[in-house]
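Good morning, and thank you for coming. Today I would like to speak about salt bridges. Please look at the structure as I put it on the screen.

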Amino acid sequence: MKAIQYRTFGGPEVLEYVELPDPEPGPGDVLIETSAIGVNFPDIRERLGVYNRAETRVGGVTLPQVGGLQVVGRVLRSGPGADPALEGRKVMALMPKGAYATKALARAEIVVALNEDADDVAMASLPCQGVTAFLALQACTTLRKGESVLVQGAAGGVGSLAVQIAKALGAGTVIGTASSEARREFVRSIGADHAIAYDTPAWPQTVLAHTDGRGVDIILETIGSDVFDQNFECLAMLGRCVVIGSTGGPGQPLAPRRLMAKAQSLSGVYLPSFFQRPELILRALRFLADGVAIGSIKANVAAVLPLSRTADAHWLLERREVQGTVVLNPSV
C-alpha cells in the first residue's frame with residue numbers, strides 16, 4: 001500500500017511517500033480501503049514531537065509513524081470478533097494513527113456505516129474535530145436544551161462544528177468569538193446568534209449584554225492566554241468551562257477556589273483519552289453522520305490534495321492559510 005510515514009520528528013519535509021506492506025486486521029479490527037483522509041492539527045503536533053515532550057504529559061509517538069486520525073472508505077476485511085456485516089460497507093472511522101495510507105486499520109467498535117450516497121470528502125473532514133466538539137458538550141458536560149454556550153475560536157475547525165452541534169442539541173443563545181470581521185461573519189453564517197471579537201478587554205461585558213447580565217452556561221475554551229482567565233467574568237452561576245485547547249498559550253494558572261463563588265466547574269477534553277471509552281466516540285460519530293444526513297451539520301472543506309502531497313497539507317494548516325479542513329485523496 002502507499003502511505004505517508006515519518007522516521008524522525010521535524011517539519012513537513014520529514015513526511016515520506018512510501019510503499020508499505022498492507023496491515024492485517026487483528027481481533028476487533030477492520031481493514032479499510034480509504035477514499036478520503038482528513039488532516040488535523042494533532043497530526044502536526046505528533047510530527048513535531050510535541051506529544052513526546054515530558055511537559056506535555058500526553059504520551060509519545062513511536063517512530064517510524066504513519067500519522068492521521070480519520071478516514072472514509074470501504075471495509076475490505078474484518079478481524080476475529082469484528083462485525084462481518086461491515087465488510088463491503090462505506091464507513092467513517094476514527095483511529096489513533098495510521099490514516100495516511102491507501103489502507104488503514106480501525107477498531108470496528110468505533111466505525112460507523114454510511115449511506116452509499118454520502119459525500120466521502122465531506123464526511124472525512126469531520127471525525128476528529130466533530131467528535132471533540134461533541135464530547136466537550138455531551139461527555140465533559142451535558143448541554144441541556146435552552147442553555148447558552150460561548151464558543152471561543154468559533155471560526156476554527158472544532159469551534160465551527162461546536163456551534164452547529166450546540167444548536168442541533170437544542171442550545172438557546174450561542175455566541176462565537178473570532179479574530180476578524182470576515183471570520184465573525186462566517187460564525188454567524190453557521191448558526192451562531194452572535195459573533196464577537198475576543199481581542200479587546202471588554203469582550204466579557206459583550207457576552208453579559210447578550211445574556212441579560214447572567215453570563216453563559218457553558219464555555220468551550222480554545223484560546224488560553226489572557227482570554228482563559230477572562231472567561232470567568234462571563235460564566236454564569238453553575239456554569240461549566242471546558243478546555244479544548246490553547247492556541248494563544250496556556251496563560252496563568254487558575255486558582256481553584258475562584259470556582260467556589262458561583263459554584264462553577266472546569267474540565268478538559270483530550271480526544272485520544274476517549275479511545276478508552278469507544279462507546280462515547282461511536283455515539284459522537286453517529287451524531288455527526290446523522291447530522292450531515294439531515295442538514296443540521298455542514299462540513300467545511302478548504303482543500304483536497306493527493307495523498308502524496310500531505311506535506312503541502314501540513315504547510316497549509318501550520319501557516320493558517322485555509323479556513324476549514326484539508327482532505328487527502330489516496331487514489332491520486
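Which side chains meet in a salt bridge at 2.4 Å, N to O? They are those of Arg-188 and Glu-181. Please keep in mind that this is a predicted model.

Let us consider how accessible these two partners are. Arg-188 has a relative accessible area of 29%, and the value for Glu-181 is 44%. Because partly exposed covers the range between 20% and 50%, Arg-188 belongs to that class, and so does Glu-181.

I turn now to a second pair. A salt bridge joins the side chains of Asp-229 and Arg-258, with an N to O distance of 2.8 Å. Asp-229 is found in helix H7, residues 225-230, while Arg-258 sits in the loop between strand E13 (235-243) and strand E14 (265-268). The pair therefore ties together parts that lie 29 residues apart in sequence. Asp-229 is partly exposed at 37% relative accessibility, and Arg-258 is partly exposed at 33%.

The third pair consists of Arg-277 and Glu-279, whose side chains form a salt bridge at 2.5 Å, N to O. Here Arg-277 has a relative accessible area of 43% and is partly exposed; Glu-279, at 42%, is partly exposed as well.

Salt bridges can also share partners, and in this way Glu-181, Arg-184, Glu-185 and Arg-188 are joined into one network. The opening pair, Arg-188 and Glu-181, thus appears again within that network.

Finally, how many salt bridges are counted in the model? The count comes to 18. Thank you for your attention.

Definitions and conventions
Residues are numbered from 1 along each chain as its sequence is written. This is a predicted model: local features need pLDDT of at least 70, side-chain atom pairs count only at pLDDT 80 or more; totals for chains, interfaces and linings use all residues. Side-chain values use heavy atoms; hydrogens and water are left out. A salt bridge is a side-chain nitrogen of Lys or Arg within 4 Å of a carboxyl oxygen of Asp or Glu. Buried means under 20% relative accessible area, exposed over 50%, partly exposed in between (1.4 Å probe, protein chains only). Helices (H or I, at least four residues) and strands (E, at least two) are DSSP runs, numbered from the N terminus.
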